[in-house]
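Visitor: I'd love a close look at just one part of this protein, namely its enclosed space. Could you walk me through it slowly, as you would for a colleague at the bench?

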Amino acid sequence: MTKRKGLATWQEITTGCVVFDPGSASEYHTGSWRAQRPVWDNQKCIKCGICYIFCPEGCVQQSEDGFFQANMDYCKGCGICAHECWPRAIAMVEEG
Ligand code: SF4
Ligand code: SF4
């Protein structure tokens with residue numbers, strides 16, 4: 001886990017953050033709405049967890065290796081994760 005000077009890591013944040021299970025309503029597979037999808041570049045990712053915190057669907061998950069990815073059943077392609085990722089490790093690409 002890389003820590004930016006003066007900032008808490010996402011694991012250290014104890015208040016003001018609520019993350020639900022993937023999908024705000026489990027019966028809605030919001031992935032079917034998607035026109036774009038996020039693609040992670042682990043070469044650029046510093047494992048800060050910002051994408052995990054900001055995803056409005058709570059569908060960004062951390063793998064055992066510490067990198068992140070989205071559950072595509074619930075990702076609606078809003079692009080917030082890519083917008084908030086300051087190392088630019090997430091690119092939004094058109095759905096094929
Ligand atoms: S993809 Fe970006 S926002 Fe997400 S953990 Fe990696 S560097 Fe942080
Ligand atoms: S594009 Fe990113 S922020 Fe938006 S729903 Fe998908 S994973 Fe979450």
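Visitor: Which elements each supply at least two residues of the lining of the largest cavity?

Guide: Happy to. The two elements are strand S1, residues 36-40, and helix H2, residues 80-84. Please keep in mind that this is a predicted model.

A little orientation will help. The protein has 2 helices and 4 strands, and from the N terminus on, these elements follow the order β-α-β-β-α-β. Of its 96 residues, 33% are buried. Among contacts with a separation of 6 or more, 69% join residues that are 24 or more positions apart.

Now to the cavity itself. Rolling a probe the size of a water molecule over the atoms shows where empty space is left. In this structure, a search of the whole model turns up 2 cavities of 30 Å³ or more. The largest has a volume of about 90 Å³. It is lined by 16 residues, and those closest to its centre are Cys55, Cys59, Cys75, Cys78 and Cys81. By class, the lining comprises 12 nonpolar, 2 polar and 2 charged residues.

What sits there? The space taken by ligand 2 is this largest cavity. The residues around ligand 2 are Cys55, Pro56, Cys59, Val60, Ala70, Cys75, Lys76, Gly77, Cys78, Gly79, Ile80 and Cys81. You will recognise the five cysteines from the centre of the cavity in that shell. The shell divides into 9 nonpolar, 2 polar and 1 charged residues. Lys76 is the charged one, and Gly77 and Gly79 are the polar ones, because Lys counts as charged and Gly as polar.

The second largest cavity makes a good companion to look at. It holds about 70 Å³ of space, and that space is taken by ligand 1. Its lining is made of Trp40, Cys45, Ile46, Cys48, Gly49, Ile50, Cys51, Cys85, Pro87, Ala89 and Ile90. These split into 10 nonpolar, 1 polar and no charged residues. Gly49 is the polar one here, because Gly counts as polar. Ligand 1 itself is surrounded by 13 residues, and the closest are Cys45, Cys48, Gly49, Cys51 and Cys85. Sorted by class, that shell has 11 nonpolar, 1 polar and 1 charged residues.

Two more residues are worth a stop while you have the model open. Isoleucine 53 belongs to helix H1, residues 50-54. It counts as partly exposed because its relative accessibility is 24%, and the limit for buried is under 20%. Its C-alpha atom lies 9.7 Å from that of glutamate 84, although the two are 31 residues apart along the chain.

Arginine 88 is in the loop that runs between H2 and strand S4, residues 90-94. Leaving aside residues up to four places away in sequence, arginine 88 touches Lys44, Ala82 and His83. The C-alpha atoms of arginine 88 and lysine 44 are separated by 7.1 Å, with their positions 44 residues apart in the chain numbering.

So, back to your question, which rests on how helices and strands are assigned: strand S1 and helix H2 each give at least two residues to the lining of the largest cavity, and ligand 2 takes up that space.

Key. Residues are numbered from 1 along each chain as its sequence is written. Chains are lettered from A and ligands numbered from 1 in the order in which they are written. This is a predicted model: local features need pLDDT of at least 70, side-chain atom pairs count only at pLDDT 80 or more; totals for chains, interfaces and linings use all residues. Side-chain values use heavy atoms; hydrogens and water are left out. A residue is near a molecule or strand if one of its heavy atoms lies within 4 Å of it. On a 1 Å grid over the protein atoms alone, a cavity is a set of points where a 1.4 Å probe fits but cannot get out, and a pocket is an open set with protein on both sides within 12 Å along at least five of seven lines; lining residues have an atom within 4 Å of a point. A molecule sits in a cavity or pocket if more than half of its atoms lie within 2 Å of its grid points. Grid points are joined across faces, edges and corners, and a volume is the space filled by probe spheres set on the points. Buried means under 20% relative accessible area, exposed over 50%, partly exposed in between (1.4 Å probe, protein chains only). Contact means heavy atoms within 4.5 Å.
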